[in-house]
Amino acid sequence: MKKLYRDFQTIYGLNHLCPLCGKVKEVICRTAIGDDLAEDWRLSPELRRAFDYREGCSCRHCGATTRIMNLALTLLEVINLNNSTGYQFAADVDWQSLTALRLAEINNCGVLHDYLGNLAGLSYSEYGSADPAIRSEDLRRLSYEDNCFDIVLTSDVLEHVPDYRLALHEISRVLKPDGVFILTVPWLRHRKTVVKAKIDHQGMVELLSKASYHGDYNLRLTDYLVFYEFGYDFVQDLQNIFAVEIYCHHGFGGLITSVFVCRGRAPGNDLTPGRPRPTALSR
Ligand SMILES: [Zn+2]
């Protein structure tokens, strides 16, 4: 049986280099999780420190956060496996040579976005984009055709999507059968997923408990409203659709910094091109 968890340090020996800029990793740490969010999320002091490490610690040179470093490491491994290359950091990659790679970056992946922009086959979108130069995509209704992407990337997006299972089906639809969906979500594996909000029959947001926001808490931007606090059952939802591995940065933060890698399709997932799209799912 395939091992579900993988440890980066067994894969990469150069753990002292920033996987984005390639400079010696020196991090600046700040508090990222405010009191309001920590209280809403019921985070213990230890978990709060772990999420501060994930979101608040960043490369002094390029600004990549721990989350984006882990995402980049995972993407590099997929690229290396597919192309028989040995890239160690994003700045080292000859992005323009990857002419066959079709990659969907659904919402900005932080510092990694600057590198992905060199890909000829990049489809970059931001939900609700008002900028005509940037495509807007809703993960529940992607406008892309079936089986068109080698890689789909989302980083801390699914918890803000009102029906994340529908989003997973949509991502499975647009991925090639041998494609890879690489994602991060805030994930607490010792809890069950909590639904914080949903969309009601009038299409309005209905809060099921006190509203919780990511990003600047004081702004309370609708895009950053939390619909789900993901727990252990999130992995099962992924496994219902994909074959899943979890890449874990072995260090402080532990599984809080996990990256999920969803390859191909799970047995019994009969999603095929041209099939009817799934109707909205709800818990
Ligand atoms: Zn860096």
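Reader: Of the contacts between residues at least 6 apart in sequence, what share joins residues at least 24 apart?

Author: Keep in mind that this is a predicted model. Here we look only at contacts between residues at least 6 apart in sequence, and ask which of them join residues at least 24 apart. That share comes to 68%.

Reader: What is the protein built from, and how much of it is buried?

Author: Going through the elements, you'll find 7 helices and 13 strands. A residue is called buried when its relative accessible area is under 20%. Of the 283 residues, the buried part is 54%.

Reader: Which residues hold the zinc ion?

Author: Look for sulfur: each donor is an SG atom, sitting at 2.3 Å from the metal. Along the chain the donors are spaced as C-x2-C-x37-C-x2-C. The residues are Cys18, Cys21, Cys59 and Cys62.

Reader: Why is the arrangement around the zinc ion called tetrahedral?

Author: For four tetrahedral donors, the ideal angle at a metal is 109.5 degrees. To count as tetrahedral, four donors need all their angles between 85 and 135 degrees. The arrangement gets its name because the 4 donor atoms here subtend angles of 106 to 116°.

Reader: Cys21 and Cys62 both bind the zinc ion; is each of them buried, partly exposed or exposed?

Author: The zinc ion is coordinated by Cys21 and Cys62, among others, and this pair links distant parts of the chain, 41 residues apart. Cys21 sits in the loop between α1 and β2, and Cys62 in the loop between β3 and α4. Cys21 has 16% relative accessibility, so Cys21 counts as buried. Cys62 has 24%, so Cys62 is partly exposed.

Reader: Which helix gives the largest share of the lining of the largest pocket?

Author: The largest pocket has a volume of about 1,200 Å³, and 47 residues line it, with Asp156, His160, His214, Gly215 and Tyr224 nearest its centre. The elements giving two or more residues to that lining are α2, α3 and α4. The largest share is 4 residues, and they come from α2.

Reader: How much space lies in the second largest cavity?

Author: Searching the whole structure turns up 4 cavities of 30 Å³ or more. The second largest is lined by Trp41, Pro186, Ser212, His214, Val226, Tyr228, Glu229 and Phe230. Its space is about 40 Å³.

Reader: Which elements do the buried residues of α3 pack against?

Author: Start with who is buried in α3: Leu47, Ala50, Phe51, Asp52, Tyr53, Arg54, Glu55 and Gly56. Those residues pack against several parts of the protein. The partners are β2, α2, β3, α4 and β7.

Reader: Is Thr154 buried or exposed?

Author: Thr154 is found in strand β6. Leaving aside neighbours within four places in sequence, Thr154 is in contact with Ile106, Leu139, Phe181, Ile182, Leu183 and Thr184. Its relative accessible area is 0%, so Thr154 is buried.

Reader: And how far apart in space are Glu145 and Leu175?

Author: Glu145 is in the loop between β5 and β6, and with 57% relative accessibility it counts as exposed. Not counting residues up to four places away in sequence, Glu145 touches Arg173 and Val174. Glu145 and Leu175 are 30 residues apart in sequence, while their C-alpha to C-alpha distance is 9.3 Å.

How values were computed: Residues are numbered from 1 along each chain as its sequence is written. This is a predicted model: local features need pLDDT of at least 70, side-chain atom pairs count only at pLDDT 80 or more; totals for chains, interfaces and linings use all residues. Side-chain values use heavy atoms; hydrogens and water are left out. Buried means under 20% relative accessible area, exposed over 50%, partly exposed in between (1.4 Å probe, protein chains only). Contact means heavy atoms within 4.5 Å. Donors are N, O and S atoms within 2.8 Å of the metal (3.2 Å for Na, K and Ca); water is not among the atoms, so sites may look incomplete. Four donors count as tetrahedral if all angles lie between 85 and 135 degrees; four count as square planar and six as octahedral if opposite donors are over 155 degrees apart and all others between 65 and 115; anything else is irregular. On a 1 Å grid over the protein atoms alone, a cavity is a set of points where a 1.4 Å probe fits but cannot get out, and a pocket is an open set with protein on both sides within 12 Å along at least five of seven lines; lining residues have an atom within 4 Å of a point. Grid points are joined across faces, edges and corners, and a volume is the space filled by probe spheres set on the points.
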